[in-house]
Amino acid sequence: MHDLIKFWAVVPAAGVGKRMNADRPKQYLELAGKTVIEHTLLRLIKADVFTGVAVAISEEDPYWPELEVSTHEKIIVAAGGKERADSVLSALKSICAMASDDDWVLVHDAARPCITGSDIHFLIDSLVNDEVGGILALSSHDTLKNIQGDQIVGTLDRSHIWRALTPQMFRYGLLKNALTAAEGNPAITDEASALELLGLQPKIVEGRPDNIKITRPEDLALAQFYMEQQHD
Ligand code: C5P
């Protein structure tokens, strides 16, 4: 179906994860016998669809070279940036000699180690013929409030609100242009928002609820529980 088009994974992994209150960036915390980032990268590699996996690593990061996966033949290392979007752009630039504008890129947070092959393949199968691309997302079960200070000033219509997950899947050339155009804009907290700024409308593809992002200390135990339940 997609013979000439290649697929690349891009993994921003240059954050510090302040909300974890840990002695090291959250991607290097231990989870079920490996670090968080090793789970993430090994699952992307195992999906068996990516030509390469470009990982953005902070230049002062002493933990990365210690990991066996850092020398895997599919891994390409790029310098991390100030914000997540800068790290993603840096990783995209690191593969510019190998990637074509029409290739697909799946950007996935290092801090989402429970990603499954089934979600990766479902996203690809859902979007591979799409003009723009899109993201895994989940509807919100909670009622959502608009607040000012500690006061509620409104209730959002949650039927129109979805939570953006990763991977987020876009064409290499379009994504690089969108992130370049948006450089320095603090509102760009995911790839889709950079494309939205260009007036494009990425699609949502319903993801699995076990694809959580490690953000707070209790998330590690939850991720371990999900991993024990996963069989794909
Ligand atoms: O902090 P948050 O959980 O939103 O970060 C999402 C992902 O972006 C993490 O995998 C983190 O390592 C990465 N990131 C990055 N460069 C930054 C900030 C965050 O690669 N400057």
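The shell around the ligand comprises 5 nonpolar, 4 polar and 6 charged residues. These assignments refer to a predicted model. In total, 15 residues surround the ligand, and the closest are Pro12, Ala14, Lys26, Lys82 and Ser87. The ligand occupies the largest pocket.

Contacts between ligand nitrogen and the protein backbone were examined next. A polar backbone atom of Gly81 lies 2.9 Å from a nitrogen atom of the ligand. For Lys82, which is also among the closest residues of the shell, the separation between a backbone N or O atom and a nitrogen atom of the ligand is 2.8 Å. A backbone N or O atom of Glu83 is placed 3.5 Å from a nitrogen atom of the ligand. On its own the ligand has 470 Å² of accessible area, of which the protein covers 85%.

Charged side chains were then considered within the protein itself. Side chains of opposite charge can pair when their charged atoms come close. The count of salt bridges in the model comes to 8, and three of these pairs are described here with the accessibility of each partner.

Asp23 and Arg24 are joined through their side chains in a salt bridge with an N to O distance of 3.2 Å. Asp23 has a relative accessibility of 62% and therefore counts as exposed, the cut-off being over 50%. Its partner Arg24, at 30% relative accessibility, is classed as partly exposed.

A salt bridge also connects the side chains of Asp109 and Arg112, again with an N to O distance of 3.2 Å. Here Asp109 has a relative accessibility of 8% and Arg112 a relative accessible area of 7%. Because buried means under 20% relative accessible area, Asp109 is assigned to the buried class, as is Arg112. This pair belongs to a network of salt bridges that links Arg84, Asp109, Arg112 and Glu191.

In the salt bridge between Asp210 and Arg208, the closest N and O atoms are 2.6 Å apart. Asp210, with 10% relative accessibility, counts as buried. Arg208 has a relative accessible area of 21% and is therefore partly exposed, since the buried class is restricted to values under 20%.

How values were computed: Residues are numbered from 1 along each chain as its sequence is written. This is a predicted model: local features need pLDDT of at least 70, side-chain atom pairs count only at pLDDT 80 or more; totals for chains, interfaces and linings use all residues. Side-chain values use heavy atoms; hydrogens and water are left out. A residue is near a molecule or strand if one of its heavy atoms lies within 4 Å of it. A polar contact is a pair of N or O atoms within 3.5 Å; within protein, one must be able to donate a hydrogen and the other to accept it, and residues adjacent in sequence count only if both atoms are side-chain atoms. Accessible areas come from the Shrake-Rupley method with a 1.4 Å probe; for residues, only the protein chains shown count as cover. On a 1 Å grid over the protein atoms alone, a cavity is a set of points where a 1.4 Å probe fits but cannot get out, and a pocket is an open set with protein on both sides within 12 Å along at least five of seven lines; lining residues have an atom within 4 Å of a point. A molecule sits in a cavity or pocket if more than half of its atoms lie within 2 Å of its grid points. Ala, Val, Leu, Ile, Met, Phe, Trp, Tyr, Cys and Pro count as nonpolar, Asp, Glu, Lys and Arg as charged, and the others, Gly among them, as polar. A salt bridge is a side-chain nitrogen of Lys or Arg within 4 Å of a carboxyl oxygen of Asp or Glu. Buried means under 20% relative accessible area, exposed over 50%, partly exposed in between (1.4 Å probe, protein chains only).
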